[in-house]
Amino acid sequence: MAAKSPKPKSPKPTTVLFVRHGQTPTTGSILPGRATGLHLSELGQQQAQLTAERIAALGSKRIAAVYASPMERAQETAAPIAKAVGRNVKVLEDLNECDFGEWTGRRLADLRRRRDWNQVQNSPSTFCFPKGESFTDMQNRINTAALWLCSKHPGGTVVAVSHADTIKAAVSHASGAHLDMFQRIVVSPCSVTAIVYSQNGPLVLAVNNTGNLTALVPS
């Protein structure tokens with residue numbers, strides 16, 4: 001009788017620490033999107049440094065890699081984190097901000113007066129920004145990024161510096177909530193959202209965390 005082939009080992013769970021970039025001079029007033037030239041404010045730089053210290057408290061050996069969106073504000077947030085854990089920042093395009101198309105650079109106060117603002121808030125899955133990206137495509141993109149990170153770093157913990165809407169979309173998917181619910185999720189500047197990805201599906205450990213990360217373990 002031929003010997004049975006050993007069962008292939010299941011991939012180890014990977015933890016992704018999604019970090020929203022720090023505050024900028026336009027946070028809360030302008031929809032910057034992918035416009036270049038936007039940097040962290042002084043407060044944002046302080047937030048990034050504090051986040052680096054919080055993540056470093058997990059142990060530098062535990063952090064397998066640090067990735068960031070190509071936007072300057074994300075790169076500047078990732079830099080002190082990478083330094084604190086002895087890694088280099090790697091750019092991952094799929095962590096980029098949503099492409100807001102013609103809405104890029106518009107004042108939020110003006111956008112809120114639009115008729116389609118209600119659609120953005122209450123049924124985002126049906127909305128596509130004029131000459132830009134749909135929320136559905138954005139969610140598919142961030143989920144693709146998460147799966148790619150898991151394939152590159154099985155069993156590791158990865159930092160992924162991204163943007164509010166992309167992180168909210170990742171949480172919505174991981175928690176099993178419809179994309180139309182994602183506007184109910186809050187992701188503050190330099191907050192950490194921790195999601196464990198395994199063969200049994202994702203597990204949300206924390207959302208919008210601005211405190212101690214060392215206690216974040218699956219129950």
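**View 1. The buried residues of helix 6 in this predicted model**. The buried residues of helix 6 are A164, D165, T166, I167, K168, A169, A170, V171, S172 and A174, so that the helix, which comprises residues 164-175, is mostly covered, with 10 of its 12 residues counted as buried. These buried residues pack against elements from several parts of the chain, namely strand 1 (14-20), helix 5 (135-152), strand 6 (157-162), strand 7 and strand 8. Because 12 residues at 1.5 Å a residue should span 16 Å, the separation of 16 Å between the end C-alpha atoms of helix 6 agrees with the expected value. Just after the helix, G176 adopts a positive phi of about 80°.

**View 2. The open sheet and its strand order**. Six strands form an open sheet with mixed pairing, and the order in which they lie side by side is 4-3-6-1-7-8. At the edges are strand 4 (89-91) and strand 8, each of which pairs on one side only. From one strand to the next, the twist averages 25°. Helix 5 lies across strand 1, strand 3 (63-68), strand 6 and strand 7, and its direction makes an angle of about 135° with strand 1.

**View 3. Strand 1 between its two partners, strand 6 and strand 7**. Strand 1 runs parallel to strand 6, to which it is joined by 6 bridges, and within this pairing R20 has S162 of strand 6 as its bridge partner. With strand 7, by contrast, strand 1 pairs in the antiparallel sense, again over 6 bridges, and here the bridge partner of L17 is A194 of strand 7.

**View 4. The hairpin of strand 7 and strand 8**. Strand 7 (residues 192-198) and strand 8 (residues 201-209) pair in the antiparallel sense over 6 bridges, and a hairpin through 2 residues joins the one to the other. Among the paired positions, S198 has G201 of strand 8 as its bridge partner, while V192 stands opposite N209 in strand 8. Strand 7 is itself mostly covered, since 6 of its 7 residues are buried under the cut-off of 20% relative accessible area.

**View 5. The packing of helix 1 against helix 2**. Helix 1 (residues 42-56) and helix 2 (residues 72-85) pack at an angle of about 35°, with their axes 8 Å apart, and the crossing that they make is right-handed. On the side of helix 1 the contact is formed by A48, Q49, T51, A52, I55 and A56, which meet E76, T77, P80, I81, A84 and V85 of helix 2. Sorted by kind, the residues of this contact comprise 8 nonpolar, 3 polar and 1 charged.

**View 6. P80 and its surroundings in helix 2**. The proline P80 is found in helix 2, and because its relative accessible area of 16% falls under the cut-off of 20%, P80 is classed as buried. When its neighbours within four places in sequence are left aside, P80 is in contact with A48, Q49 and A52, and these three residues belong to the part of helix 1 that meets helix 2. Another proline, P32, is 48 residues away from P80 in sequence, and the two are 23 Å apart in space, C-alpha to C-alpha.

Notes: Residues are numbered from 1 along each chain as its sequence is written. This is a predicted model: local features need pLDDT of at least 70, side-chain atom pairs count only at pLDDT 80 or more; totals for chains, interfaces and linings use all residues. Side-chain values use heavy atoms; hydrogens and water are left out. Axes are lines fitted to C-alpha atoms, for helices over the stretch in contact, and angles run from 0 to 180 degrees between N-to-C directions. Helices (H or I, at least four residues) and strands (E, at least two) are DSSP runs, numbered from the N terminus. A crossing is left-handed if the near helix is turned anticlockwise from the far one by less than a right angle, and right-handed if clockwise. Contact means heavy atoms within 4.5 Å. Ala, Val, Leu, Ile, Met, Phe, Trp, Tyr, Cys and Pro count as nonpolar, Asp, Glu, Lys and Arg as charged, and the others, Gly among them, as polar. Two strands pair if DSSP finds at least two bridges between them. The expected span of a helix is 1.5 Å times one less than its number of residues. Buried means under 20% relative accessible area, exposed over 50%, partly exposed in between (1.4 Å probe, protein chains only).
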